[in-house]
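Work through the following exercises with the sequence and the model in view. Each task is followed by a solution in steps.

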Amino acid sequence: MSRRDESNTVTRRDFLRGAAYGTVGLAMGLEGLASAGQGRPFAAEKPLSEVVLVRHEAAVDAGHQVNSVVAAEMLDTAMKTYTGEGDIAKAWQRYFHPQDKVGIKYTRCSWHRIHVNQAVLDAITDRLITIGVARSRVTANDSGLPVKDCTALINVPTVKVHALTGIAVSIKNYINFTGNRSSYHFDGSSKLAETWLLPEVKGKTRLIVVDMLRPYFGPGPQINPLHQWDYKGILVGTDPVAVDTVCLSICQKKRHLFKGEEWLISPPPRSIAAADSVYHLGTSDPTKIKITRLGWEKDLLI
Amino acid sequence: MGLSLLAPHAARADENMLRLPQEVHGWKADGQDKVFTRQTIFDYMDGGGEIYLAYDFQRLRAREYARPGAPRIVAEVYQMASSMDAYGVFTHDTDGQPVSVGQAGLYSAGLLRFWKNRFFVRLQAEDETPEVKTALMALGIQVASGIPQEGRKPSLLAALPPQGLIESSVHYFHTSVSLNIHYFLADSNLLDLNSRTEAVLARYQQGSEKPYLLVVRYLRPGEAEAAFEQFSKVYLRESPAGDAVFGKLEKGQFAGGRWEDRALLLVFEAGSRESAEKLVDLAASQMKGVTP
């Protein structure tokens, strides 16, 4: 029996009143929770973490095809805004140098089909080359990335609500580095952030670029087209916990809208809470995160 | 539920039932079929196989169909150990338009799902077009017709009082993994669910309230009572005086329930204590007519 000591059990009631999983409930918009930090969610005046969200109406057409030119422009806008640089090359030079060996860890789950779009990967690779990183020193992969040989990593996930993890974004994107993926789905996927601290991974992640062009908010495990939507966004940051928290908030609101009533992401993403409080990868407190929103505003959800 | 102990001839018969048509509306089988078992399901869907294993999944056959200039179609036939589990997997995701394929089917934008007897079938196209939809429906009907008999639904469904029942909200399952996907209760296995328990979760429309009813049937005497006591203590933080307990929780909603014999009956998010007790009483009454 998997019964645990009752003092260690987190119940729905604990979660709903904010007594468990840190500030994840706040990010999910649960009513009645006291703010942990100061100020409004995702509008911190003195933020611990910042993310930039760029959306463009023309990024995805009516047939759900991605416009690669628009996607590249969105990435440029996000990078320039995030770094405060007017020149796109200088923006990328903040994080990468020509002598780097860069690994682009993207998400490509063949059976789930919520892939990072090639347009996003191409735009990232092009910008690395623009600043002098040789193409031969750039490797993009989902599984099999030679992470030991990389001096720098770019985490490029998609966004999908996950039946076992709650939500899969940048924290879960490194699960491939473990060689034992399914073992990380137990216990609420609470140990997922360990993957960021593996010796060959730790400290190498310079940038996170989230492909939010077509996120997924359903129960899975496989895709139901009703649960994928054209959000038409690209999100940039360096704090994986903050990045995942923003995506969590957006997906949670989308679920409520879809059902026309409360439809909580379930199980709650314990991996985000643990990444903050146990592994100290970043902050999940919405009041300590600042989002800069640019572009298309319709159905922004955050 | 339990591990399948199929006789060899039965296994061969099932192999035959898993056959898929070579062609439908111009889409032809493309490449070798892939077959996955309980041991290899993660090779097909690492990070998703747990959902099928939470039911008594036995075997998956996957085939791709291609037609020049048209979206590809993937056909997946999941063979479960029982028709009850095929029904259960079907109820994992209930969003879609009901269609008359198999014993029950759902269609949604290029995805057709249905169940019949011990099989749960997913037919998914890369994109939806009118031709794709026609082909998916034709393929589904062909596959369903190749399964000669219907299977029975879980008898536990009869425990659900019909009045106010939201049919599309019904989920049948066994384990806490499934429960927590549909309704997160706790991060531990608070109700001691396992592969041999049966559970059905449903919502009811009661005016503006939509409470959840959870009915669990345990295998052995004593398990329901033990789970009830644990639920009372850890979740409600109440000491039950008898075989029933109800409490007012967050947002002014009520939760609680009772146990009887091998059954545990719980209500969540009821608008009043009275409505919670009434729903549990109705379920208990229905439970008396449920076949073991």
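**Exercise 1. Domains of chain B**

Task: State which domains chain B is divided into, and describe the contact between them.

Solution. In this predicted model, chain B falls into domain 1 (8-145) and domain 2 (155-287). Next, take the C-alpha centres of domain 1 of chain B and domain 2 of chain B: they are 32 Å apart. The contact draws 7 residues from domain 1 of chain B and 9 residues from domain 2 of chain B. Finally, sort by class the side of domain 1 of chain B that touches domain 2 of chain B: 3 nonpolar, 3 polar and 1 charged.

**Exercise 2. The contact between the chains**

Task: Determine how many residues each chain gives to the contact, and which helix of chain B gives the most.

Solution. Chain B contributes 34 residues and chain A contributes 33 residues. On the side of chain B that touches chain A, at least two residues each come from helix H2 (41-44), helix H3 (49-53), helix H6 (176-182) and helix H7 (223-236) of chain B. Of the elements on that side, H7(B) gives the most, with 4 residues. By class, the side of chain B that touches chain A holds 15 nonpolar, 10 polar and 9 charged residues.

**Exercise 3. Strand E4 of chain A**

Task: Decide whether strand E4 (residues 152-156) of chain A is largely enclosed or not, and find its pairing partners.

Solution. Start with the faces. In a regular strand, side chains alternate between the two faces of the sheet. On one side of E4(A) are A:Ala152, A:Ile154 and A:Val156, on the other A:Leu153 and A:Asn155, and all are buried. Because 5 of the 5 residues of E4(A) are buried, the strand is largely enclosed by the rest of the structure.

Then turn to the pairing. Strand E2 (residues 102-106) of chain A pairs with E4(A) in the parallel sense over 5 bridges; A:Tyr106 has A:Val156 as its bridge partner. Strand E7 (residues 205-212) of chain A also pairs with E4(A) in the parallel sense, over 3 bridges, and here A:Asn155 is bridged to A:Ile208.

**Exercise 4. The largest nonpolar core**

Task: Which residues of the largest nonpolar core touch the most other members, and where does the core lie?

Solution. The core has 179 residues, of which A:Val120, A:Val209 and A:Ile234 touch the most other members. Helix H6 (residues 240-259) of chain A gives the most to this core, with 8 residues. Domain 1 (8-145) and domain 2 (155-287) of chain B both give residues to this core, so the core lies between them.

Last, follow A:Val120. Apart from neighbours within four places in sequence, A:Val120 is in contact with A:Ala71, A:Leu75, A:Val156, A:Val209, A:Asp211 and A:Ile234.

Conventions
Residues are numbered from 1 along each chain as its sequence is written. Chains are lettered from A and ligands numbered from 1 in the order in which they are written. This is a predicted model: local features need pLDDT of at least 70, side-chain atom pairs count only at pLDDT 80 or more; totals for chains, interfaces and linings use all residues. Domain bounds come from an automatic or database domain assignment. Two residues are in contact if their C-beta atoms, placed from the backbone, lie within 7 Å. Ala, Val, Leu, Ile, Met, Phe, Trp, Tyr, Cys and Pro count as nonpolar, Asp, Glu, Lys and Arg as charged, and the others, Gly among them, as polar. A residue is buried if 20 or more other C-beta atoms lie within 10 Å of its own, exposed if 12 or fewer, and partly exposed in between; C-beta atoms are placed from the backbone. Two strands pair if DSSP finds at least two bridges between them. A nonpolar core is a set of buried Ala, Val, Leu, Ile, Met, Phe, Trp, Tyr and Cys residues joined through C-beta atoms within 7 Å.
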